[in-house]
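Thanks for making time for this one. I would like to take you through a single chain, beginning with one residue and working outwards from there.

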Amino acid sequence: MLWTVIGWLVFGLIAGFIARAVVPGKDDIGLLMTIVIGVAGSVVGGFLFGLLTVGFRGFQPAGWIGSVIGAVIVLVIYNKVTGRKRLRR
């Protein structure tokens, strides 16, 4: 059980960092929020993948690609809702 939780945290951290690298601009979020965005992105990616392929069967985690796509979606929504990211011109 402990290794599963640690695996989710590491997986979320990596997916969150990749999402932060893909989304343009500076993110002023910490390590914990990066993990949360990565884990939430995995759930969102699994949900979207399930809708597009086999139908909705509950919230399931996605693989790496689905997790990163989901994390990008979650990060963009987070930035829009909180207004934290401003692009300077």
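**Starting from Thr 34**

Thr 34 has a relative accessibility of 1%, and because the cut-off for buried is under 20%, it counts as buried. Please keep in mind throughout that this is a predicted model, so that everything I say is a description of that prediction.

Thr 34 lies in helix H2, which covers residues 31-52. If we set aside its neighbours within four places in sequence, Thr 34 is in contact with Gly 12, Leu 13, Gly 16, Phe 17, Arg 20 and Ile 29. I will follow two of these partners, Gly 16 and Arg 20.

Gly 16 is found in helix H1, and at 0% relative accessibility it too counts as buried. Again leaving out neighbours within four places, Gly 16 is in contact with Thr 34 and Gly 38. Its C-alpha atom is 8.4 Å from that of Leu 75, although Gly 16 and Leu 75 are 59 residues apart in sequence.

Arg 20 also lies in helix H1, but here the category changes: is Arg 20 buried or partly exposed? With a relative accessible area of 21%, Arg 20 is partly exposed, because buried requires a value under 20%. Outside its neighbours within four places, Arg 20 is in contact with Asp 27, Ile 29, Gly 30, Thr 34 and Leu 75. The C-alpha atoms of Arg 20 and Ala 71 are separated by 8.6 Å, with these positions 51 residues apart along the chain.

**How the helices meet**

Let me now step back to the helices themselves. The protein chain has three helices and zero strands, and, read along the sequence, the pattern is α-α-α.

Take H1 and H2 to begin with, whose axes come within 7 Å and cross at roughly 95°. That angle makes H1 roughly perpendicular to H2. On the H1 side, the residues that meet H2 are Trp 8, Leu 9, Phe 11, Gly 12, Leu 13, Ala 15, Gly 16, Phe 17 and Arg 20, and on the H2 side we find Leu 31, Thr 34, Ile 35, Gly 38, Val 39 and Ser 42.

How do H1 and H3 cross? The axes of H1, residues 2-22, and H3 come within 8 Å and cross at roughly 60°, and H1 and H3 are therefore oblique to each other. H1 passes H3 in a right-handed crossing. The contact involves Phe 11, Ile 14, Ala 15, Ile 18, Ala 19, Arg 20 and Val 22 from H1, together with Trp 64, Ser 67, Val 68, Ala 71, Val 72 and Leu 75 from H3. Arg 20 is thus listed on the H1 side both for the meeting with H2 and for the contact with H3.

**The core and the whole chain**

Which residues form the largest nonpolar core? There are nine of them, namely Ala 19, Val 23, Ile 29, Ile 37, Ala 71, Val 72, Val 74, Leu 75 and Tyr 78. Helix H3, residues 64-82, gives the most to this core, with five residues.

For the chain as a whole, 31% of the 89 residues count as buried, and the exposed area is about 6100 Å², of which carbon and sulfur atoms supply 72%. Finally, among contacts between residues at least 6 apart in sequence, 65% join residues at least 24 apart.

Terms used. Residues are numbered from 1 along each chain as its sequence is written. This is a predicted model: local features need pLDDT of at least 70, side-chain atom pairs count only at pLDDT 80 or more; totals for chains, interfaces and linings use all residues. Side-chain values use heavy atoms; hydrogens and water are left out. A nonpolar core is a set of buried Ala, Val, Leu, Ile, Met, Phe, Trp, Tyr and Cys residues joined through side-chain atoms within 4.5 Å. Buried means under 20% relative accessible area, exposed over 50%, partly exposed in between (1.4 Å probe, protein chains only). Helices (H or I, at least four residues) and strands (E, at least two) are DSSP runs, numbered from the N terminus. Contact means heavy atoms within 4.5 Å. Accessible areas come from the Shrake-Rupley method with a 1.4 Å probe; for residues, only the protein chains shown count as cover. Axes are lines fitted to C-alpha atoms, for helices over the stretch in contact, and angles run from 0 to 180 degrees between N-to-C directions. Angles under 35 degrees count as roughly parallel, over 145 as roughly antiparallel, 65 to 115 as roughly perpendicular and the rest as oblique. A crossing is left-handed if the near helix is turned anticlockwise from the far one by less than a right angle, and right-handed if clockwise.
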